[in-house]
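Please look over the sequence and the model below, and then read on for a short account of how the sheet, a helix and the nonpolar cores fit together.

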Amino acid sequence: MKKDLILYDKELSTNTATRLPIGLVLDCSPSMSGDPNLGCPVAQFDPRPIDELNEGIKYFFESVKEDFTASRSAEIAIIAFSGIAELVLDFNTIHKQQPPKLDVEMNKGGTSIGTAVKLALKTLDERLAKYKVAGVARFAPWLVLMTDGYPTDDTHFEVAKEVSRRILNEELTIFPIGIGTGADLNVLRLFSPKRMPVRLKGFRFRDFFEFLSLSAQAVSHSTPENPAPLDPQTRPEAEGWAETY
């Protein structure tokens, strides 16, 4: 067995907190550079949208770590995507993780949402299998899907059906977030049979991740049988950062 797998198993055996796996599937295509010539609807160079996203992720990690229970419950994986998808942070409890610094995939144009979500589900299923072997309880996983554009291939159609199936069976919760006016919310809707997608106001990533942190903390203090309720369209934390349609 590889050393990293041994370390993961040790963490699962020594930390018996009920886990909340959260997959962040994040658009890092050229339009996130803030350059209208590369597809960004609104020019923004200082800071760039990708910089605002990094600050939001950093805040999320720091905020969750301040809550002892949440810091031992929440596990984060990050998939960055453009024309391809890459696992840049694998699941582990957040108190053992540091947020990566994402950058725009300038040489990997395109927006393959389906490829990214498929990788997220694969990564998630591998982690859930480890929970099962270790006998660790868990909440239904979360999937945060953020994009500022529209898909440039057809990979999203098939995987959206699997995501919807899991959501309808209460095996998954999704947060479909469009970034800016260029995001195709109709495509995000394919992944979300229960919750309508929302559009981020401007580039208010920090406000969204504040909401996500508060939600993770609330859920980690509840139980899988009676998890804390959450709804980004009606909870007060969403006011100011989200637009519905």
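In this predicted model, a convenient place to begin is a single pair of residues, for Gly23 stands opposite Leu143 in S4. The strands concerned are S1, residues 20-27, and S4, residues 142-147, which run parallel and are joined by 5 bridges.

These strands belong to a wider arrangement, an open sheet of 7 strands whose order is S3-S2-S1-S4-S5-S6-S7 and whose pairing is mixed. Strands S3 (85-89) and S7 (242-243) are at the edges and have a single partner strand each, so one side of each is left without a neighbour in the sheet. Across S1, S2 (74-81) and S3 lies helix H2, residues 49-65, and this helix runs at about 170° to S2.

The side chains come next. In soluble globular proteins, nonpolar side chains tend to be buried together. Here the two cores may be set side by side:

| Nonpolar core | Size | Some residues named |
|---|---|---|
| Largest core | 42 residues | Phe208 and Phe209, with the most contacts inside it |
| Second, separate core | 28 residues | Ala77, Phe91, Ala160 and Val187, among others |

Which elements give two or more residues to the largest core? They are strands S1, S2, S4, S5 (173-179) and S6 (198-200), together with helices H2 and H7 (205-220), and the largest share, 7 residues, comes from H7.

Leaving aside residues up to four places away in sequence, Phe209 touches Leu24, Leu53, Gly56, Ile57, Tyr59, Phe60 and Met146.

Conventions
Residues are numbered from 1 along each chain as its sequence is written. This is a predicted model: local features need pLDDT of at least 70, side-chain atom pairs count only at pLDDT 80 or more; totals for chains, interfaces and linings use all residues. Side-chain values use heavy atoms; hydrogens and water are left out. Two strands pair if DSSP finds at least two bridges between them. Helices (H or I, at least four residues) and strands (E, at least two) are DSSP runs, numbered from the N terminus. Contact means heavy atoms within 4.5 Å. Axes are lines fitted to C-alpha atoms, for helices over the stretch in contact, and angles run from 0 to 180 degrees between N-to-C directions. A nonpolar core is a set of buried Ala, Val, Leu, Ile, Met, Phe, Trp, Tyr and Cys residues joined through side-chain atoms within 4.5 Å. Buried means under 20% relative accessible area, exposed over 50%, partly exposed in between (1.4 Å probe, protein chains only).
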